[in-house]
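Student: I would like a close look at a single part of this structure, namely its salt bridges and the elements they join. Please give one connected account, with the geometry and the solvent exposure of the residues concerned.

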Amino acid sequence: VVKEDKTVFYAIIVGIIYAFTDEFHQKFVPGRTSSLKDVLIDSLGVITGVIILKIFKLIYDKRKDKKFKMGG
């Protein structure tokens with residue numbers, strides 16, 4: 001569980017760093033603007049995605065355990 005928690009933490013950090021670098025890059029693209037608001041939105045998207053995947057994994061693990069206990 002500890003290794004999985006580190007992986008989730010690193011995934012969130014990488015996603016947030018990517019959001020910052022993407023906005024920084026947009027400062028230099030004609031017709032585009034850079035916004036801290038977009039960084040926050042992207043970061044929330046990363047965190048939401050991780051939460052959704054954790055929920056799916058929880059459901060999958062419970063179903064797998066139940067199936068194993070039933071002998072199937």
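Tutor: Asp-5 forms a salt bridge with Lys-54, and the closest N and O atoms of this pair are 4.0 Å apart. Asp-5 belongs to helix H1 and Lys-54 to helix H2, so the bridge ties together parts that lie 49 residues apart in sequence. The model is a predicted one, and side-chain atom pairs are counted only at pLDDT 80 or more. Asp-5 has a relative accessible area of 42%, which means that it is partly exposed. Lys-54 is likewise partly exposed, at 31%.

Lys-54 has a further partner. Glu-4 forms a salt bridge with Lys-54, with 2.9 Å between the closest N and O atoms. Here too the connection runs from helix to helix: Glu-4 lies in H1 and Lys-54 in H2, so the pair joins parts 50 residues apart in sequence. The relative accessibility of Glu-4 is 31%, and Glu-4 therefore counts as partly exposed.

Glu-4 in turn is bridged by Lys-57, where the closest N and O atoms are 3.7 Å apart. This pair again links distant parts of the chain, since Lys-57 is in helix H2 and Glu-4 in helix H1, 53 residues away. Lys-57 counts as partly exposed because its relative accessibility is 36%.

These pairs belong to one arrangement. Glu-4, Asp-5, Lys-54, Lys-57 and Asp-61 are linked in a network of salt bridges. The count of salt bridges comes to 4.

The two helices that the network joins can be described in turn. Helix H1 covers residues 2–26, and its 25 residues should span 36 Å at 1.5 Å a residue; the end C-alpha atoms are 36 Å apart, which agrees with that expectation. Helix H2 runs over residues 36–69. With 34 residues, H2 reaches 49 Å from its first C-alpha to its last, close to the 50 Å expected at 1.5 Å a residue.

The helices also meet through their buried residues. In H1 these are Ile-12, Gly-15, Ala-19, Glu-23 and Gln-26, and what covers them includes H2. In H2 the buried residues are Val-39, Ser-43 and Val-50, and they pack against H1. The general geometry of a helix is useful when reading such lists: an α-helix has 3.6 residues a turn, so residues three or four places apart point the same way.

Gln-26 merits a separate remark. This residue lies in helix H1, and it counts as buried because its relative accessibility is 8%, under the 20% limit. When residues up to four places away in sequence are not counted, Gln-26 touches Arg-32 and Thr-33.

Lys-27 is found in the loop between H1 and H2. Lys-27 is exposed, as its relative accessible area of 54% is over the 50% limit. To place this loop residue with respect to the network, one may take the distance to Glu-4: the C-alpha atoms of Lys-27 and Glu-4 are separated by 35 Å, with their positions 23 residues apart along the chain.

Aromatic side chains supply another kind of contact. The whole structure holds 2 aromatic pairs. Phe-24 and Phe-28 form one that is edge-to-face, with 5.1 Å centre to centre and 75° between the planes. Both Phe-24 and Phe-28 are exposed.

The surface of the model also carries a nonpolar patch, formed by Leu-44, Ile-47, Ile-51, Ile-52, Leu-53, Ile-55, Phe-56 and Ile-59, with about 770 Å² of accessible area together. Phe-56, one of its members, is placed in helix H2. Phe-56 counts as exposed because its relative accessibility is 55%.

To return to the part requested: the bridge of Asp-5 to Lys-54 is one element of a network that also includes Glu-4, Lys-57 and Asp-61.

How values were computed. Residues numbered from 1 in each chain as written. Predicted model: local features only at pLDDT ≥ 70, side-chain atom pairs only at ≥ 80, totals over all residues. Heavy atoms only, no water. Patch = residues over 30% accessible without salt bridge, like charges linked within 9 Å, V, L, I, M, F, W, Y side chains within 5 Å. Areas by Shrake-Rupley, 256 points an atom, 1.4 Å probe, with all protein chains shown as cover. Salt bridge = Lys/Arg side-chain N within 4 Å of Asp/Glu carboxyl O. Helix = DSSP H or I, 4+ residues; strand = E, 2+ residues; numbered from the N terminus. Buried < 20%, exposed > 50% of the residue type's maximum accessible area, 1.4 Å probe, protein only. Phe/Tyr/Trp six-rings, centres within 6.5 Å; stacked < 30°, edge-to-face > 60°. Expected span 1.5 Å × (residues − 1). Contact = heavy atoms within 4.5 Å.
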